[in-house]
Amino acid sequence: MSKVLVVNPPRFHGIPVIREDRCENADRDCVQTPTSLVYITGILRSLGHTVRLLDANGYNMPKPAVLWQIHKFKPDWVVLRSTVSTFEEDTKVADYAKMEGAKSILLNWNLHGVSEEDVLKKCPSLTRYLGLYHYEYVIPQIIDGEEHPKPKFTEDIPDPPWGDLPNFDPYFMRTKWLKPWVVVRGSKGCGWRCAFCVDQSQRLYKRSPELIGDELEYLVNRGVKYISFFDDTWESDENWSMNIIKQIEDRQLKFRWYINSRSDMIVRRGLAFFKRARKAGLDGSSFGIEFGTDEMLKRVKKDTTVAINTEATQILHKAGIKSYASLMMGYLGETKEQMMETANWVRRVKPTAFQINPVYPIFGTTLWAEAESMGLIDKSKLDWKGLACVPTGLMDWKFTEYSPQELYKIRRQMYRKIYFSSWALYNLLKWSWRNPELTLGYGISMLGRMRNGFTFSH
Ligand code: SF4
């Protein structure tokens, strides 16, 4: 059996970093629990390894403290995560590990179109790089040096060892009034094929609702007040998601929770489903609206329409659930008129909140392949660090007549226009009666980002 240190590396020049699959980016305004690393710790421990979890990002530990932990624990293996924009800083953990005689495995999902050989060339201290989505099964195989029968995600994580995090004090999203906050994962994968998405076509695995119920109960008993499900599309399986609602009801768990959805699935589940979820504490949902025109939705193979997006938002609002619309601009061939239609959709439909992000290409996606074949991306010249879902100042591609920098300028104008309009104020007041402290917190966060710029923040 091996000694394994599972490490969420330190912050990036003081900026907190989210290193969780489709969300791999530095973000000034969010300290997220290292959920995947907690689950990996549980899996390795269940196989008999001696495992220690170190969340240097969460607890804001400096690099020398991580070095000291590696030196003291003397692991055989170090498992760490990274993001494209923080790769060089994060992989210093692998350098320390090598100095102490440990082997290391790096996870960085947004680099998955890059070969292991190329990643190891960038950081020769690494033993392995895994650009795999279902890495939970492969890490034990590498460490054990043998093949395990491929287990289901469902059966893998009977008891995620959240107790390895001594407290949840550091974790927050946008506002420190939303604490203690924890991110869990009930399912992994998504059967849809949206052309821009890093998770496109990844097989869906669902954990058992009973085990998720155990996990939620443990967290609520530890005082956690707000839980976000990291699942790509939480409500895509009606029975499964209803069973989770029943777990919350039967155990009488009192907490607020948050999901990610798809608009067509919201419409399919319907108002009664979401009213019941609301009663069980569902507070809000993000969903990928993406564009304000059917042409663009078709272009990216989203399998939704503007009408479905509108209906889904209305269902959430009727059920008393906040809607957070994710939108994008600057996709291949998108015109300025089409971008403006996206902003018009926001003004017309009035989601509780929204974000419009300039499109960025991720290795291994349909968008990447298409842009590369059109000669719009030159891999040999591209700086990896620019390929983050938040602005880094290193973007080097142009999919429309506007450069990424120009798109960010257009976005700033859109934000100002929308957020300082009378309906935005009305929206703010309408929702704030429920959680005035959150509304104030989000408002302060938004003003801060407008003042400091959106670099390293959504
Ligand atoms: S539905 Fe969401 S998670 Fe699934 S491929 Fe589309 S954008 Fe990605």
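Domain bounds here come from an automatic or database domain assignment. The model is predicted, so local features need pLDDT of at least 70 and side-chain atom pairs count only at pLDDT 80 or more, while totals for chains, interfaces and linings use all residues. Residues are numbered from 1 along each chain as its sequence is written, and side-chain values use heavy atoms, with hydrogens and water left out.

**Exercise 1.** Determine how domain 1 and domain 2 are placed and what area they bury between them.

*Solution.*
Step 1. The assignment gives domain 1 as 3-156 and domain 2 as 162-452.
Step 2. Taken over C-alpha atoms, the centres of the two domains are 25 Å apart.
Step 3. With contact meaning heavy atoms within 4.5 Å, 44 residues of domain 1 touch 46 residues of domain 2.
Step 4. Buried area is the accessible area (1.4 Å probe) that two parts lose on being put together, summed over both. For this pair of domains it is about 4,100 Å², 60% of it on carbon and sulfur atoms.
Step 5. Arg22, Asp29 and Tyr59 supply 18% of the area that domain 1 buries against domain 2, more than any other three residues.

**Exercise 2.** Identify the salt bridges between the domains and explain what the pair Asp232 and Arg22 ties together.

*Solution.*
Step 1. A salt bridge is a side-chain nitrogen of Lys or Arg within 4 Å of a carboxyl oxygen of Asp or Glu.
Step 2. The whole structure holds 22 salt bridges, and the count between domain 1 and domain 2 is five.
Step 3. Glu136 pairs with Lys188, their closest N and O atoms being 2.7 Å apart.
Step 4. Asp232 pairs with Arg22, with closest N and O atoms 2.6 Å apart. Asp232 lies in the loop between strand S13 (226-229) and helix H9 (238-250), and Arg22 in the loop between strand S2 (17-20) and S3, so the pair ties together parts that are 210 residues apart in sequence. Helices (H or I, at least four residues) and strands (E, at least two) are DSSP runs, numbered from the N terminus.

**Exercise 3.** List the residues around the ligand.

*Solution.*
Step 1. A residue is near a molecule if one of its heavy atoms lies within 4 Å of it.
Step 2. The residues around the ligand are Cys190, Trp192, Cys194, Phe196, Cys197, Gln200, Asp232, Arg262 and Lys302.
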